[in-house]
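Welcome, and please open the structure in your viewer. This tour goes from one pocket to another, with something to select at each stop.

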Amino acid sequence: MAAARTRTAETRDGVELTSLDGPLFDGAGHTKRDLVDYLDAVRRAILPALTGRALSVMRVRPGQQPFMQKNLPKYAPDWIARTTVWAEASHRDVTYPLCDDRRTLLWLANQRAVEYHPALIRAGERHATHLVLDLDPPEGDDFGHVVRAAMLVRQVLDDLGLVGAVKTSGSKGVHVFVPITPVPVVDSAAATRAVAARAEALDPEIATTAFIRADRAGKVFLDSTRSIGATVVAAYSPRIRPGLPVSFPVAWADLPQVTPTDFTVSTAPDLLAGGDPWAAALPEPQELPAELVEHGRAIPVARVAAMHEGKRRKRAEEA
């Protein structure tokens, strides 16, 4: 028994790591050790995106479906930094971990935390640090469709004098990040809606801002809802998908030549080569044009508009 435990358990930075040689989840093609080794190898790149931000993680336990964990478990060690956020939906305080160091990252990996979703707002602050657009392709669509939609977003940003960086989502789409100077969260949310609307207007045959899935008609969804209270998967985070793909930064010029499956826990460490291309791609925070914010204020919040439209359609069906 002692020999078996030696093969599957070890300690790093004071964190005991257990059951390392078991499969991570069905279809992963990797063990828990592969997850731990990967996160440890890329820690200098992934930690800057996590530090100081309330962190939600997607965990997968043997024999269970993956689940999102926000509240830090009571059994978590005292040395993990944390922040408390009031949740309007559940009317309670939620205690989130702050993944600021290697020990915390290793502890979370040992908990089978595969995906890392930091908040867009730093703990203790009241403004988002980025505009984020999540480009989501229709079911079964090819990545080239997403690339064309991403180029529409880039054209809008160019026209505004703004610069964004792009990364694969680790699933089927991409994320466009635009670092911004501090503004009220309602203004950054409005600006995000306006960028999405302008990109859709450039070519409505390619992209759509329709929040209701049935209304998208095979187009790429420009999700502008990653704003107030939202999270987005971090650069270099693995995803709970076969082969363990990761969210990975891509130069705009290279985007047409890549696919999301190019970036996995097996390939990413060598591609990084000890660097952090995501940090290098992100420009300094930029001031949002006032007219962009004003435009966005006139656009209804997608989730709210979809809720009202859903109720309207239900009433029409009943009538």
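Start by selecting A49, R53, T129, H130 and L282: of the 30 residues that line the second largest pocket, these lie nearest its centre. Keep in mind as you look around that this is a predicted model. The space you are looking into has a volume of about 460 Å³.

Next, colour three helices and strands around this second largest pocket: α3 (43-50), β10 (174-179) and α8 (277-281), each of which supplies at least two lining residues. Which of them gives the largest share of the lining? It is α3, with three residues. Now colour the lining of the second largest pocket by class, and you will find 21 nonpolar residues, five polar ones and four charged ones.

Time to move to the largest pocket. Select S227, I228, G229, A230 and T231, the residues nearest the centre of the largest pocket among the 41 that line it. About 1,300 Å³ of space lies here.

Now bring up the elements around it. Two strands, β5 (82-87) and β6 (92-97), and two helices, α6 (185-202) and α10 (302-318), each contribute at least two residues to the lining of the largest pocket. Zoom in on β5, which gives the most to that lining, with five residues.

For the last stop, colour the lining of the largest pocket by class. How many of its residues are nonpolar, polar and charged? The lining divides into 21 nonpolar, 10 polar and 10 charged residues.

Conventions
Residues numbered from 1 in each chain as written. Predicted model: local features only at pLDDT ≥ 70, side-chain atom pairs only at ≥ 80, totals over all residues. Heavy atoms only, no water. 1 Å grid on protein atoms, 1.4 Å probe; cavity = no way out; pocket = protein on both sides within 12 Å on 5 of 7 lines; lining within 4 Å. Points joined across faces, edges and corners; volume = space filled by probe spheres on them. Helix = DSSP H or I, 4+ residues; strand = E, 2+ residues; numbered from the N terminus. Nonpolar A, V, L, I, M, F, W, Y, C, P; charged D, E, K, R; others polar.
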